[in-house]
Structures are given as structure tokens and as C-alpha cells.
Amino acid sequence: MSDETTTVNELRILVEKFVAERDWHQFHNPKNLSMSLAIEAAELMEHFQWLTLEEGAKVKLDEKRKHEAGEELADCLAYVIAIANAMEIDLSETLRAKMIRNAVKYPAP
């Protein structure tokens, strides 16, 4: 699977299968999932805490540190997808609409 060939729906199915196999639907409500997303986002931030902007930019050059940050980013994405699944939100449609609103709010120079 790569970003070039994987659809959002395939990711949604992957997350849904993982959740279903563990009988986690009982815990996967918007409140719990949004809190979990915030926690994972904080764990991602830990990889950059106390670094200068220059040092933070170099994390991608260190394979170990890049992998560790990627793991946290994947956790964030999994929770975003789980929230979308739980709330039946079409991520592609919602993101496109939001970007249109953002373009109006923040026009390019």
C-alpha cells in the first residue's frame, strides 16, 4: 500500500476491520476518539519538543526519528479515520469543501 495507489476507502476498511476484530466499537464514540486523537497528536509533538525550527526540520533526515514520528502520525490518521467511520463522515467530500472555504478565507496572493 502506498499513497499513490491507496484510496481513503481502503484505509477506512483497514481501520474498521482492526476495530471490529477487537470488538472496540463499544469504545469508539466521537468523545473517546477525539480525546485519543488529541493524545496521539501530543505524542507526535513530543518528537519535536524543545527542538529549534532547524532541528525539527532535520528529523526527516534521521531514519529512526522519522520512523518514530511516522508511527505517531499513523496513530493520528487511524483515529481521524475511526472518527469518520463512527460519525459516517465522508472525509474526501468534507476536506474538499473545507479547502474551498479556506481558499475564500485565506486567498492566495
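For the charge count I am about to give, Lys and Arg are positive, Asp and Glu are negative, and His and the chain ends are left out. On that count the protein carries 13 positive and 20 negative charges, and the mean positions of the two sets lie 6 Å apart. Please keep in mind throughout that this is a predicted model.

Let me start with the overall fold. There are 5 helices and 0 strands. From one end of the sequence to the other the pattern reads α-α-α-α-α. The radius of gyration is 16 Å, well over the 13 Å that the globule rule gives for 109 residues, so the protein is more spread out than a compact globule. Along the principal axes, the C-alpha atoms fill a box of roughly 40 × 40 × 30 Å.

Next, burial and surface. What share of the 109 residues is buried? The figure is 16%. The exposed area of the protein comes to about 8700 Å², with carbon and sulfur atoms supplying 61% of that area. As for contacts, take those with a separation of 6 or more: 64% of them are accounted for by residues 24 or more positions apart.

One pair gives a sense of distance. A20 and M99 are 79 residues apart in sequence, and their C-alpha atoms are 32 Å apart in space. M99 sits in helix α5, which covers residues 91-105. M99 has a relative accessible area of 47%, which makes M99 partly exposed.

Now the salt bridges. How many does a search of the whole structure find? It finds 3. The general idea is simple: side chains of opposite charge can pair when their charged atoms come close.

I will take E21 first, as E21 appears in two of the pairs I want to show. E21 bridges to K17, with the closest N and O atoms 3.6 Å apart. Both are in helix α1, residues 8-21, and because they are 4 residues apart there, about one helical turn separates them. E21 is exposed, at a relative accessible area of 54%, and K17 is exposed as well, at 52%.

E21 also forms a salt bridge with R22, and here the closest N and O atoms are 3.4 Å apart. R22 is partly exposed, with a relative accessible area of 36%. Put together, K17, E21 and R22 form a network of linked salt bridges.

Then there is the pair in helix α4. The side chains of K64 and E68 meet in a salt bridge at 2.6 Å, N to O. Helix α4 spans residues 63-87, and K64 and E68 are 4 residues apart in it, so about one helical turn lies between them. K64 is exposed, its relative accessible area being 56%. E68, at 28% relative accessibility, counts as partly exposed.

So much for charges that pair. Which side chain of opposite charge is nearest to E40? The answer is R22, and R22 is 14 Å away. A salt bridge here needs a side-chain nitrogen of Lys or Arg within 4 Å of a carboxyl oxygen, so that distance rules R22 out as a partner. E40 is buried and has no salt bridge. E40 belongs to helix α2, residues 30-46. Leaving aside residues up to four places away in sequence, E40 touches E72, D75, C76 and Y79. Two of those contacts, E72 and D75, count as negative, as does E40.

The last item is backbone geometry. Most residues other than glycine have a negative phi, and most peptide bonds are trans. Where do D23 and E88 lie? D23 is in the loop between α1 and α2, and E88 is in the loop between α4 and α5. D23 is not a glycine, yet has a positive phi of about 55°. E88 is not a glycine either and also has a positive phi of about 55°. On accessibility, D23 counts as exposed at 51%, and E88 is exposed at 73%.

To recap: the predicted model has 5 helices and 0 strands, and 16% of its residues are buried. K17, E21 and R22 share a salt-bridge network, while E40 is buried without a salt bridge. D23 and E88 are the residues with positive phi that I wanted to point out. That is all from me.

Key. Residues numbered from 1 in each chain as written. Predicted model: local features only at pLDDT ≥ 70, side-chain atom pairs only at ≥ 80, totals over all residues. Heavy atoms only, no water. Helix = DSSP H or I, 4+ residues; strand = E, 2+ residues; numbered from the N terminus. Rg over C-alpha atoms; globule rule 2.2 N^0.38 Å. Buried < 20%, exposed > 50% of the residue type's maximum accessible area, 1.4 Å probe, protein only. Contact = heavy atoms within 4.5 Å. Areas by Shrake-Rupley, 256 points an atom, 1.4 Å probe, with all protein chains shown as cover. Charge placed at Lys NZ, Arg CZ, Asp CG, Glu CD.
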